[in-house]
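Q: Please take a close look at a single part of this structure and explain how it sits among its neighbours. I am new to this structure, so a plain account will do.

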Amino acid sequence: MGNASINHRELLEDLLLTRRFEEKVLEVYQDRGIRELPHSSIGQEAVGVGACYPLEDDDILVPSLRTRAVMLLRAPLDEIVAGMYGTRSGPSNGRTTEHHMGSSEYGILGTTGMIGAHLNPAAGAALGNKVLDNDRVTVAFFGDGASQRSEFHSALNFATVQELPVIFVIENNHWTEASPIEKLVAVDDLADLANHGLPTKVIDGQDVEEVVDATATAAQRARDGDGPTLLEAKTYRYRPHAETMPEHRDEATLEEWRDRDPIELYRSRLLEEDFVTEDEIEEIDRRLQTRIDEAFEAAETDELPDEETMYHVYKDTEIDHWKGVVR
Amino acid sequence: MSQQVDVQAEQTEQTIRESLNQALYEELERDDSVILYGEDVAEYGGLYKISEGLYEEFGDDRVFDTPLAETTLGGSAVGAALAGARPIVEIMYADFLPIAGDHLINYAAKMYFNYGDETSVPMVVRSMYGTGDGHGLHHGQSPEAWFMNVPGLKIVMPSTPKDYKGLLKSAIRDDDPVLFLENKMRYGESGPVPEEEYTIPLCETDIKRRGDDATVVAIGGMVYEALEAAERLSDRGVECEVVDPRTVTPLDTDPILESVEKTNILVTAQEAPTFGGFGSEVAAQVIDDAFFYLDAPVKRVGAPFTPIPFAESLEEAYVPTAEDIETAVIDAIET
């Protein structure tokens with residue numbers, strides 16, 4: 001893509017949206033609780049933000065439950081927050097969690113609670129798009145944990161041998177739930193686990209423009225019919241795996257990563273290069289905060305779904321949901 | 001009347017293998033979004049030759065071989081279906097379905113529920129079951145009970161060549177994920193198949209033989225055993241109604257209940273172990289809604305609660321047969 005075509009202020013705004021949103025989630029969760037258990041992406045926002053940036057609106061994104069940026073950049077804010085509350089304005093009216101929501105309208109492939117189970121479906125979405133002969137690229141995001149599952153290898157192998165238009169993005173935040181990655185995997189770079197005949201690249205997940213560039217190159221390769229790419233973005237999460245788990249990680253390492261905070265890095269660079277002023281950033285921040293606050297207020301007063309909402313199991317057949325038989 | 005004669009004239013005798021091949025051919029030709037893939041389905045034509053000639057006809061964009069990875073078959077089919085294609089994947093033996101189980105149970109079955117915009121998962125997983133060929137513990141199990149308890153999946157287990165073809169075509173056109181189970185011991189069975197294009201709706205129970213004395217609800221390959229049992233019983237003056245649900249889930253129970261209300265006797269027949277199986281669910285549904293019509297306890301015919309044994313003598317003892325159904329019907333009537 002090259003930096004020339006990046007709208008720096010827009011990219012900064014995407015980063016700030018994700019950070020402010022996640023901060024709000026923590027604040028509300030700690031204050032009065034949220035039905036969906038937060039799995040915060042604070043610290044690793046630049047991966048999702050940067051990877052989404054060079055894509056087309058109809059490209060298909062397959063997020064991990066922590067790739068909050070994908071949801072925020074594709075779906076309406078009100079719907080996302082309602083999805084966390086399980087209220088009727090949520091993405092499936094409260095049937096599912098925001099973490100795994102799927103929407104053809106927003107180009108988000110639905111996922112499940114099984115880590116890495118979405119990698120073969122992501123390859124499959126790319127296969128579907130190839131069969132339908134459209135120009136769409138599919139981008140799958142997953143953590144270091146998923147790289148330990150066989151899904152990782154079978155999906156990469158299939159995508160490569162079929163030359164599918166898909167990009168696999170490992171968000172390596174160095175912790176698989178509560179265990180450090182070096183205790184679970186014997187290589188330094190997870191990209192080295194993949195020797196399937198596809199190009200791999202290790203990138204700095206804290207540098208949003210590096211993520212933009214790498215994704216743009218991979219997307220072009222996919223659109224040219226040359227097949228998949230694996231990107232490993234090195235990053236770090238500031239919070240535990242989930243908000244119910246106590247923090248037990250080394251404070252010094254956490255501080256080292258905080259010194260390279262992805263939002264702060266980009267913010268100071270843009271200020272230094274006069275792409276944006278402090279006043280403009282404050283203005284962006286205020287605007288985002290208002291939008292976010294309003295979305296949470298809306299969700300907190302939204303109604304819970306009626307029982308009928310869950311009777312939505314088969315598209316083509318009417319059943320008696322209590323007997324489990326054809327009506 | 002003349003129309004009926006015409007319909008008869010337009011039927012040809014076909015094996016299940018031929019009717020399935022034709023169903024796949026017709027649907028690949030009808031809809032460009034239909035694709036067929038799996039282990040050895042393309043150049044080799046499928047282990048049981050169900051997809052023979054399709055790769056040559058439609059090319060490797062539409063019919064292709066895949067790596068030996070059931071997670072890729074199940075998972076990629078979900079993704080391709082969500083993206084708007086209509087994938088048909090062949091998982092060589094139903095015994096291998098648990099490897100793709102996560103994608104069937106947690107993914108395919110749940111995405112229509114998970115999505116808020118009516119997006120569904122129009123995929124078909126074809127897989128083979130059937131006991132009696134000495135393939136042992138891991139190449140012949142009937143898997144329907146493993147997946148019956150999963151809301152969102154449809155499970156189809158046809159019996160005759162005509163049903164196989166009409167139901168496979170419907171399964172491919174259906175917007176929900178379908179597990180289409182083929183009895184590998186019956187691929188060579190032949191029967192009349194309409195020459196003109198037709199489909200048979202999913203989730204519709206069929207009556208394969210009329211009778212007033214006992215209802216036998218049989219699934220998949222056991223329909224043939226039930227029909228054989230019915231012929232033998234007819235010689236003894238007992239007329240069985242053979243009911244073939246064809247779709248295991250969601251089950252069309254009304255014709256079963258109506259039959260039991262008429263005959264007052266219920267026998268179920270399946271190849272899988274009796275405990276926790278399809279017949280148990282049929283029995284429970286009948287007890288719920290037609291208990292007072294029953295003149296005798298329900299008899300369930302199925303396999304014992306053991307793995308499929310390898311030795312010929314053990315396998316013979318294991319597989320349920322027409323004789324077992326005959327005995328069950330007589331037992332019920334004499335109760």
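**One strand up close**

A: Chain A contains ten helices and nine strands (DSSP runs numbered from the N terminus: H or I of at least four residues for helices, E of at least two for strands). The model is predicted: local features need pLDDT of at least 70, side-chain atom pairs count only at pLDDT 80 or more, and totals for chains, interfaces and linings use all residues. Residues are numbered from 1 along each chain as its sequence is written, while chains are lettered from A and ligands numbered from 1 in the order in which they are written.

The part chosen here is strand β2 of chain A, residues 138-143. Six of its six residues are buried, so the rest of the structure largely encloses β2(A) (buried: 20 or more other C-beta atoms, placed from the backbone, within 10 Å of the residue's own; exposed: 12 or fewer; partly exposed: in between). In a regular strand, side chains alternate between the two faces of the sheet. Here Thr138(A), Ala140(A) and Phe142(A) point one way, and Val139(A), Phe141(A) and Gly143(A) point the other.

β2(A) pairs with strand β1 of chain A, residues 60-62, in the parallel sense over three bridges (pairing takes at least two DSSP bridges). Within this pairing, Ala140(A) is the bridge partner of Val62(A). β2(A) also runs parallel to strand β3 of chain A, residues 166-172, joined by six bridges. There, Phe142(A) stands opposite Ile170(A).

Helix α6 of chain A, residues 150-161, forms a right-handed β-α-β unit with β2(A) and β3(A) (with the strands pointing away from the viewer, the path from the first strand over the helix to the second runs clockwise).

For the chain as a whole, 49% of the 327 residues of chain A count as buried, and the C-alpha trace spans about 65 × 50 × 40 Å along its principal axes.
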